[in-house]
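Q: Please take a close look at the positive surface patch in this model. Which residues form the patch, and which elements do they come from?

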Protein chains: 2
Amino acid sequence: MNLLLLHPDQRLDEHRWRLDPRQAGHVRTVLGLTEGAPCRAGLLNGPLGEGRIESIDNNEIVLSFKAISHPPPPLGLNLLLALPRPKMLKRLLIDAASLGIKRIVLVNAWKVDKSYWRTPTLKADLLREKLLLGLEQAGDTVLPELLLAPRFRPFVEDDLDAWAGAGPRFLAQPGDHPALPHELDEPATLAIGPEGGWTPFEVEMLQEHGFRAHRFGTRILRVETALPALVGALMRLP
Amino acid sequence: MNLLLLHPDQRLDEHRWRLDPRQAGHVRTVLGLTEGAPCRAGLLNGPLGEGRIESIDNNEIVLSFKAISHPPPPLGLNLLLALPRPKMLKRLLIDAASLGIKRIVLVNAWKVDKSYWRTPTLKADLLREKLLLGLEQAGDTVLPELLLAPRFRPFVEDDLDAWAGAGPRFLAQPGDHPALPHELDEPATLAIGPEGGWTPFEVEMLQEHGFRAHRFGTRILRVETALPALVGALMRLP
């Protein structure tokens with residue numbers, strides 16, 4: 001946690017915020033702060049700034065906050081991600097948020113185990129929690145938009161174009177494709193398939209909707225390794 | 001496991017190899033192969049090729065192997081990594097090996113918890129096991145060289161130059177530094193600090209030994225996110 005990210009429901013009055021139990025625990029046991037101490041804080045979807053410990057009363061910690069700067073600029077990359085298994089999903093959401101990705105859609109694919117769509121991990125508050133962890137890690141305040149698309153074809157045919165917008169669309173795929181470009185200077189969309197890859201039908205549908213297949217080395221990477229590696233290659237991190 | 005990686009001590013005769021219990025379990029329960037079936041295999045530090053299930057006798061599976069191709073080319077990047085906490089170390093070794101890194105040194109740093117040097121994770125066979133998992137993931141056979149340097153200064157002063165070799169040396173560091181270059185066309189060395197970063201003294205020592213500090217975005221990334229992102233940015237994956 002590199003940032004105390006303050007939510008609207010924690011606000012007590014114009015300048016004071018009550019830390020939630022996790023934040024209070026972090027302030028006491030990791031940071032070891034006492035009354036009067038400054039710390040890095042930010043308002044959810046708002047500015048970064050300086051917090052100051054106003055009072056510590058048993059488990060209740062009250063913080064004052066002064067806005068100082070904007071959050072870091074977003075990474076101009078939309079992520080279309082085949083729904084991974086639950087444990088991996090948690091990590092991927094933290095990673096995606098910490099890398100600055102602001103638009104994520106979790107889509108179905110042929111090789112996605114159908115049970116993944118029924119896990120408790122997909123509850124909105126748990127997904128949001130992982131994204132918040134990523135923001136706290138990165139020192140960012142802007143919550144990514146996360147969309148679930150449990151049906152691949154309707155999403156690709158009806159919603160993808162509006163969702164992905166104007167920039168180029170990339171698909172990392174083994175085979176005789178051009179190498180992935182580096183350091184794009186425009187927003188883009190990246191599709192990452194399930195373990196085992198997209199089916200030829202899925203690749204074809206994505207290509208019909210503007211995705212270009214590129215190879216990204218010859219080694220087979222785990223999705224959680226591939227995501228940051230692809231982001232690092234495609235984009236210049238802001 | 002995208003590859004059955006065969007070790008010299010599994011060899012029965014010129015063409016036949018006995019799978020170890022983990023590989024045998026994978027062949028039976030994940031791949032569901034029966035006698036005569038082909039599968040992807042490779043010889044440790046040797047060629048890739050095709051395996052064929054010769055016999056399945058209770059838990060003992062014998063494979064024949066035919067060499068077909070070279071393993072993928074190495075990634076020309078040496079990794080100097082401040083020793084991370086044990087759980088993270090496991091993942092980082094798998095990731096580093098799967099990305100094709102072939103030279104890794106785990107060094108001490110001021111902000112490395114001293115207890116990390118005493119964990120069972122640092123036993124040679126456990127370190128090797130994680131590297132092998134990375135190779136199996138990536139479809140590679142060439143085991144990375146892994147060095148432990150529990151004393152930072154003597155390593156940097158006495159051994160670093162010979163270890164790192166001729167290519168450029170990079171240090172990702174927050175601050176007013178030039179942006180990290182992309183797509184190097186030569187071998188290089190990358191230093192990744194501990195959680196909390198290198199101390200100014202450590203940065204200075206590394207700079208005196210040829211490392212150039214570069215910024216890599218403004219967000220603070222976990223080491224396990226930063227490693228693949230930095231590799232993806234710096235190198236074109238072979």
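A: The answer below starts with the patch and the relation between the chains, then turns to a charged pair and to two loops.

This is a predicted model. The positive surface patch is made by A:Lys87, A:Lys90, B:Lys87 and B:Lys90. Two elements give two or more residues to this patch: helix H2 (86-99) of chain A and helix H2 (86-99) of chain B. B:Lys90, for one, has its place in helix H2 of chain B. For a residue to count in such a patch, it must have over 30% relative accessible area and no salt bridge, and like charges are joined within 9 Å.

The relation between the chains is as follows. A turn of 180 degrees, with a shift of 0.0 Å along the axis, lays chain B on chain A with an RMSD of 0.0 Å. The two copies are therefore related as by a two-fold rotation axis. The same surface serves both copies, as 100% of the contact residues of chain B recur in chain A.

Salt bridges are found elsewhere in the model, and over all chains the structure holds 31 of them. One of these links A:Glu157 and A:Arg153, with 3.1 Å between the closest N and O atoms. Both residues of this pair, A:Glu157 and A:Arg153, belong to helix H4 (residues 152-164) of chain A, where they are four residues apart, about one turn of the helix.

Backbone angles add two further points. Most residues other than glycine have a negative phi. A:Asn45, which is not a glycine, has a positive phi of about 60 degrees. A:Asn45 sits in the loop between strand S3 (38-43) and strand S4 (48-57) of chain A. B:Glu183 also has a positive phi, near 55 degrees, and is a residue other than glycine. The loop that holds B:Glu183 runs between strand S9 (169-172) and strand S10 (188-192) of chain B.

Conventions:
Residues numbered from 1 in each chain as written. Chains lettered and ligands numbered in written order. Predicted model: local features only at pLDDT ≥ 70, side-chain atom pairs only at ≥ 80, totals over all residues. Heavy atoms only, no water. Least-squares fit on C-alpha atoms with pLDDT ≥ 70 in both. Contact = heavy atoms within 4.5 Å. Patch = residues over 30% accessible without salt bridge, like charges linked within 9 Å, V, L, I, M, F, W, Y side chains within 5 Å. Areas by Shrake-Rupley, 256 points an atom, 1.4 Å probe, with all protein chains shown as cover. Salt bridge = Lys/Arg side-chain N within 4 Å of Asp/Glu carboxyl O. Lys, Arg positive; Asp, Glu negative; His and termini not counted. Charge placed at Lys NZ, Arg CZ, Asp CG, Glu CD.
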